[in-house]
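Hello,

Here is the structure I said I would pass on. My notes on it follow below.

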Amino acid sequence: MDGLTEVAVSLATYKAIEAQRLSFSESHDSIIRRALAERTMKRRRTPVLLSARGAPRRRGRVAVALFGREQPVLNLRDAYLAALTGLARHTPVLFERMAEQGSPRRRWAARSAEALYVTAPHLAAQFAHQITPDWFVDTNLSRAQIVARMETATRLAGYRFGEDVVLVEA
């Protein structure tokens with residue numbers, strides 16, 4: 001089984017794991033690792049609000065807070081995906097609005113992986129992330145791009161980045 005071990009869990013535990021899912025392509029292993037990161041986040045120092053022009057990363061521990069509920073994540077990419085997932089629950093048209101963002105060569109969101117990278121469809125296999133059954137988002141992003149896109153996505157959803165959606169580094 002390629003180094004994997006099967007573990008039996010109760011139905012309640014399985015439901016709790018599934019409730020933390022960020023996308024359909026995410027493995028149970030990823031979900032559990034992110035949940036375990038919460039223990040590390042509890043020992044963090046004073047959080048620093050990240051912005052596209054913000055402080056340099058120190059330790060790599062990150063959390064995203066959506067409407068006051070903090071969710072530890074493993075990295076900025078996962079913070080971006082968690083923020084988009086949470087915002088889409090409140091604003092179902094978010095991905096349609098995000099699909100209008102980007103350049104003619106590269107979209108922020110699209111209904112197919114290949115449509116994200118118009119002039120370089122080979123990037124889709126590595127960087128397109130299926131966030132819902134109908135939408136894919138681009139994850140081939142720098143730190144500054146992730147934060148800037150989170151800021152824009154929050155605005156497109158009708159909320160305020162830094163208040164309704166907060167990205168912190170511990």
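**Helix α7 and the cores**

The buried residues of α7 pack against β2, α3 (76-90), α4 (94-99), β6 (135-138) and β7 (165-169). Please keep in mind that this is a predicted model.

The helix itself covers residues 143-156, 14 in number, and spans 20 Å from first to last C-alpha, close to the 20 Å expected at 1.5 Å a residue. Its buried residues are Ile-146, Val-147, Arg-149, Met-150, Thr-152, Ala-153, Thr-154 and Leu-156. After α7 comes Gly-158, with a positive phi near 90°.

Met-150 also belongs to the largest nonpolar core, which has 31 residues; with Val-64, Tyr-80, Leu-84, Leu-94, Phe-95 and Met-98, Met-150 is among those that touch the most other members. Two or more residues of this core come from each of β2, α3, α4, β6, α7 and β7. The largest share is that of α3, at nine residues.

Setting aside neighbours within four places in sequence, Met-98 contacts Tyr-80, Leu-84, Trp-108 and Ala-109, as well as Ala-153 and Leu-156. A separate core of eight residues lies apart from the largest one and includes Ala-110, Tyr-117, Phe-127 and Ala-128.

One backbone detail concerns Phe-67, in the loop between β2 (62-66) and β3 (69-73). Phe-67 has a positive phi, near 55°, although the residue is not glycine. Its side is neither buried nor fully exposed by class: Phe-67 counts as partly exposed because its relative accessibility is 32%, between the 20% and 50% cut-offs.

Regards

Notes:
Residues are numbered from 1 along each chain as its sequence is written. This is a predicted model: local features need pLDDT of at least 70, side-chain atom pairs count only at pLDDT 80 or more; totals for chains, interfaces and linings use all residues. Side-chain values use heavy atoms; hydrogens and water are left out. Helices (H or I, at least four residues) and strands (E, at least two) are DSSP runs, numbered from the N terminus. Buried means under 20% relative accessible area, exposed over 50%, partly exposed in between (1.4 Å probe, protein chains only). The expected span of a helix is 1.5 Å times one less than its number of residues. Contact means heavy atoms within 4.5 Å. A nonpolar core is a set of buried Ala, Val, Leu, Ile, Met, Phe, Trp, Tyr and Cys residues joined through side-chain atoms within 4.5 Å.
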